[in-house]
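Reader: I'm new to this one, so could you take me through a single part of it up close? I'd like to hear about the surroundings of the ligand.

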Amino acid sequence: MSEWPEPHRLIVVDDDTVLRPVFEASADDLYALVVKNLAYLGRFLDFANAEYSLADAATYLQQSRQNWGRSREQAYAIIHEGELGGVAGLHHFGAKNRAVEIGYWLSEHLQGRGIMTRCVMKMTEMAFEHLGVNQVNISADVVNERSRAIAERTGFSFDGVTRQWLVNAAGELADMARYSMLKDEWARWRSEH
Ligand SMILES: CC(C)(COP(=O)(O)OP(=O)(O)OC[C@H]1O[C@@H](n2cnc3c(N)ncnc32)[C@H](O)[C@@H]1OP(=O)(O)O)[C@@H](O)C(=O)NCCC(=O)NCCS
């Protein structure tokens, strides 16, 4: 799917926060951040488990470098006050329907400040205005209230629940809440907010 433009390499989110390709981060920093947040992330993200290693972090960064600009996952490091604070990515690029999904995680100590809400707004804006996307999707475990709140706060429509779609950290099937934003809705929502 070579017709997708390269995502922006720098997105200014706010005075203290920028997004940069995640492969510019060091494996040491990524590993340390994930390990520091292991229990908190592990509730909803399966990579965050006791087996997570420095080699996993390095492999992920290497794959992210290879994927960059190739309509596979485009992952950004969230750099807050000069330090790695989380990751937000675009994935599930649809060649025909021109849809993408946004996924994200933030270090626990940065929660509750609206950082991810602003990141999602900037990434959504880039998807529509730069990548030529028609639909941006966000999905979350139905019990992941903080993640769902981001979609709701940024004007995404609740499309419903796909039952028993996810495997949660306990290895159980879990229901997934789905949200979407369409290009024309985004223009309207932005003009009103
Ligand atoms: C999902 C996750 C990123 C949400 O983090 P978050 O801090 O709640 O989200 P935001 O950065 O957008 O911050 C929103 C909070 O900041 C507050 N806030 C402060 N200023 C704000 C502003 N200017 N704009 C928006 N929110 C603001 C909001 O009220 C909200 O706080 P509340 O939940 O106490 O009401 C985080 O919980 C996480 O990484 N979880 C683990 C991994 C995960 O679940 N990822 C998603 C998988 S689908």
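Author: Sorted by type, the residues of the shell around the ligand come out as 11 nonpolar, seven polar and four charged. Keep in mind that this is a predicted model. In total, 22 residues surround the ligand, and the closest are Gln 111, Gly 112, Met 116, Thr 117 and Arg 146. As for where the shell comes from, at least two residues each are supplied by helix H2 (38-42), strand S5 (99-106), H4, S6 and helix H5 (145-153).

Now for the polar contacts. Gly 112 takes part through its backbone: a polar atom there is 2.7 Å from an oxygen atom of the ligand. With Asn 144 it's the side chain, where an N or O atom sits 2.8 Å from a ligand oxygen. Arg 153 also uses its side chain, with a polar atom 3.5 Å from an oxygen of the ligand. On its own the ligand has 940 Å² of accessible area, and the protein covers 72% of that.

While we're at it, look at the loop that runs between helix H4 (115-129) and strand S6 (135-141), since Val 133 is found there. Val 133 counts as buried because its relative accessibility is 0%, and the cut-off for buried is under 20%. Leaving aside residues up to four places away in sequence, Val 133 touches Trp 4, Arg 98, Val 100, Ala 127, Phe 128 and Lys 183. You can also check Val 133 against Ala 95: they're 38 residues apart in sequence, and their C-alpha atoms are 9.6 Å apart in space.

How values were computed: Residues are numbered from 1 along each chain as its sequence is written. This is a predicted model: local features need pLDDT of at least 70, side-chain atom pairs count only at pLDDT 80 or more; totals for chains, interfaces and linings use all residues. Side-chain values use heavy atoms; hydrogens and water are left out. Helices (H or I, at least four residues) and strands (E, at least two) are DSSP runs, numbered from the N terminus. Buried means under 20% relative accessible area, exposed over 50%, partly exposed in between (1.4 Å probe, protein chains only). Contact means heavy atoms within 4.5 Å. A residue is near a molecule or strand if one of its heavy atoms lies within 4 Å of it. A polar contact is a pair of N or O atoms within 3.5 Å; within protein, one must be able to donate a hydrogen and the other to accept it, and residues adjacent in sequence count only if both atoms are side-chain atoms. Accessible areas come from the Shrake-Rupley method with a 1.4 Å probe; for residues, only the protein chains shown count as cover. Ala, Val, Leu, Ile, Met, Phe, Trp, Tyr, Cys and Pro count as nonpolar, Asp, Glu, Lys and Arg as charged, and the others, Gly among them, as polar.
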